[in-house]
Amino acid sequence: MNVVRRMSGCAVAAAVARAGYAGLRRRRRGARWERTNFAGRAVDLYAGPAVTAGVLLGASAVRGPGRGPAVLAGLAAALCGAYDDTRGDHRRGFRAHLGALRHGEVTSGAVKLFGIGAAGLAAGALLRERAADKVLAGVVIAGSAHAVNLVDVRPGRAVLATLAFGLPRGHLAAVSAGAAAAVAADDLGERTMLGDMGAHALGAVLGTGIAASSGRAGLVAHAAVLLAAAARPGTVGRLAGSPGRGPVHSCE
């Protein structure tokens, strides 16, 4: 039964993401959906809305208490990421965005930091019963959304990371893996990129799945690793293969 639950959500996510991406490519939306990647090649951003639709509908198809938190976290993370994709600035690092906020300027990175953080805590509160676990789950959910975006510095990095961590971690996490698999060939082939919208959506639902399937010790361990990654984004970028990936701006 667990295998059926895992594969049903994964299959729905993959089918929706694949159909969404194919449909968007057939109906070109103009220059605002195009970017130049790290190698100077023109790519589209259609993978972002496609995988977002995939993870949201895939999570909705999964039975269990984690469905609502996953949809909430995934939707909020995607919206914050989409805002950064369309209105992002060139500041990098939490300190830069927080410094701008102290001077009265609300950057796209600050929107992501507080928006995804609040959504993660809300999803964690719905997912777990004890107060400490609610907070830890929220950190894991928001931290996972940020971490997937951190590794999206070269074609396929975020997709492969989502597959590696999503498939073994329960039916909710497998939803993100299914959506990621649907666009993997196009991402690796440098035809598309996830953008902040897609990376954050994948990470938020992946994090919800991890939080749902972890005990207290697991939550503490995952939260510690994710907080360390957020504090040292340059290290994560180097491990993923590059300090940047073209003009898709994020708050790391």
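Accessible areas here come from the Shrake-Rupley method with a 1.4 Å probe. With that in hand, start with the whole chain on screen, and keep in mind that this is a predicted model. The accessible surface of the chain comes to about 10,900 Å², and carbon and sulfur atoms account for 63% of it. Of the 252 residues, 52% are buried.

Switch to cartoon. You should find 11 helices and 2 strands, and walking along the sequence gives the pattern α-β-β-α-α-α-α-α-α-α-α-α-α. Now turn on contacts: among those between residues at least 6 apart in sequence, 77% join residues at least 24 apart.

**Stop one: helix α5**

Select residues 108–127. That's α5, 20 residues reaching 28 Å from first C-alpha to last, close to the 28 Å expected at 1.5 Å a residue. Its buried residues include Ala-110, Ile-116, Ala-119, Ala-123 and Leu-127, along with the glycines Gly-109, Gly-120 and Gly-124. There's a lysine on that buried list too, Lys-112, so show its side chain next.

Which residue does Lys-112 form a salt bridge with? Pick Asp-84: the closest N and O atoms of the pair are 3.3 Å apart. The two sit in distant parts of the chain, Lys-112 in α5 and Asp-84 in helix α3 (residues 67–87), 28 residues apart. Check the accessibility of each end. Lys-112 has 1% relative accessibility, so it counts as buried, and Asp-84, at 3%, is buried as well.

**Stop two: from α6 across to α10**

Next, select Asp-133 and Arg-216. Their side chains meet in a salt bridge, 2.3 Å from N to O. Asp-133 belongs to helix α6 (residues 131–150) and Arg-216 to helix α10, so this pair ties together parts that are 83 residues apart in sequence. Are the two ends buried or exposed? Asp-133 is buried, with a relative accessible area of 7%, whereas Arg-216 is partly exposed at 39%.

Stay with Arg-216 and extend the selection to 216–231 to get the whole of α10. This helix has 16 residues and reaches 22 Å from its first C-alpha to its last, close to the 22 Å expected at 1.5 Å a residue. Color the buried residues: Leu-219, Ala-223, Leu-226, Ala-229 and Ala-230. They cover an arc of only 125° around the axis, which puts them on the same side of α10. The background is familiar: an α-helix has 3.6 residues a turn, so residues three or four places apart point the same way. Rotate to the other side of α10 and you'll meet Ala-217, Val-225 and Ala-231, which are exposed.

**Stop three: around the α8–α9 loop**

Jump to the loop between α8 (171–188) and α9 (195–212), and pick Glu-190. Its phi is near 60°, a positive value in a residue other than glycine. Glu-190 has 18% relative accessibility, and the cut-off for buried is under 20%, so Glu-190 counts as buried.

Now add Asp-186 and Arg-191, whose side chains meet in a salt bridge (2.9 Å, N to O). Asp-186 is buried, with a relative accessible area of 7%, while Arg-191 is partly exposed at 36%. Include Arg-18 in the selection before moving on: salt bridges that share partners join Arg-18, Asp-186 and Arg-191 into one network.

To finish, zoom out and display every salt bridge; the count comes to 7.

Definitions and conventions:
Residues are numbered from 1 along each chain as its sequence is written. This is a predicted model: local features need pLDDT of at least 70, side-chain atom pairs count only at pLDDT 80 or more; totals for chains, interfaces and linings use all residues. Side-chain values use heavy atoms; hydrogens and water are left out. Helices (H or I, at least four residues) and strands (E, at least two) are DSSP runs, numbered from the N terminus. The expected span of a helix is 1.5 Å times one less than its number of residues. Buried means under 20% relative accessible area, exposed over 50%, partly exposed in between (1.4 Å probe, protein chains only). The arc is that of the directions from the helix axis to the C-beta atoms. A salt bridge is a side-chain nitrogen of Lys or Arg within 4 Å of a carboxyl oxygen of Asp or Glu. Contact means heavy atoms within 4.5 Å.
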